[in-house]
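Q: I would like to learn how to read charged side chains in a protein model. Can you take me through it?

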Amino acid sequence: EPHWYVGTYPQYLRVLFDAAREEFADDSAGQADALAACVKIVMLDISLALEAYFHADHKALEHAARYDVLTDLPNRRYLGEKLDRLIAKKAGCIDLFLVGINRFKTVNQTLGPQVGDRILATAADRMRGVAERADLVARIGSDVFAVVCADLCVPGDGDMAERIVQLFEGDFALDGYSVSLGAAVGRAAYPADASDRDTLIRRAEIALYEAKRLQTRVVSFQPEMERQSPEQLSILGELRLAI
């Protein structure tokens, strides 16, 4: 690491310089050339070493920027990049499933965030069970995961959605507790429901919200759901004023 070079090379240079002075004690020109050569060799070595170090550090930072720390799944940024690439390639139909864990916030508040983190880590391991059939499995929110499937779209794509839901049917065993959670899935498809990445994600989020509101397993986006959202926001604002 850099601090090692800072501490070591001054000592290294002193040894080299002393040896060069002794070797060329009677030849001032040779001594100057030897010292210059020593400096060039050491500077080259330092630059190569630091370049390798900072390149490795950059890769670690890039990984941290595009992957979730807790689960090591791709994060929301990576999801956006993946959807952009698929859309740019004109990959045909793209299914986006957003998966929300039911009752997670209640369990997290009741048993504590450490237990909540363990639930999320276990949920991530379960989500990897659909990875072989998906183009991407990611964690994009507190308790929200994403699954991207390209060129597999059929109306409703019930098989994949039901498979995701089944991953959460088993209880989560935690320090003597057996917690039953379940999951809701919201689905939106490109190009049927959206023509760009951001709209696709937003409409999948709307479908997930509907699935949770209706307490059902799977909901596919419908245009009327988006029309309801501004009305609901307006009502919430009016309720706040009334209270």
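The dialogue below deals with salt bridges and with a charged residue that lacks one.

A: This is a predicted model, in which local features need pLDDT of at least 70, side-chain atom pairs count only at pLDDT 80 or more, and totals for chains, interfaces and linings use all residues. Residues are numbered from 1 along each chain as its sequence is written, and side-chain values use heavy atoms, with hydrogens and water left out.

Q: What is a salt bridge, and how many salt bridges does the count come to?

A: Side chains of opposite charge can pair when their charged atoms come close. Here the term means a side-chain nitrogen of Lys or Arg within 4 Å of a carboxyl oxygen of Asp or Glu. By this rule the count comes to 18.

Q: Which parts of the chain does the salt bridge of Asp95 and Arg187 link?

A: The side chains of Asp95 and Arg187 meet at 2.7 Å, N to O. The pair links strand E1 (residues 94–101), which holds Asp95, to strand E6 (residues 183–190), which holds Arg187, 92 residues apart. Strands are DSSP runs of E, at least two residues, and helices are runs of H or I, at least four, numbered from the N terminus.

Q: Are Asp95 and Arg187 buried or exposed?

A: Both are buried. Buried means under 20% relative accessible area, exposed over 50%, and partly exposed in between (1.4 Å probe, protein chains only).

Q: Which side chain of opposite charge is nearest to Arg126?

A: Asp171 is the nearest, 7.3 Å away, and Arg126 is buried without a salt bridge. Lys and Arg count as positive, Asp and Glu as negative; His and the chain ends are not counted. Arg126 lies in helix H5 (residues 113–127).
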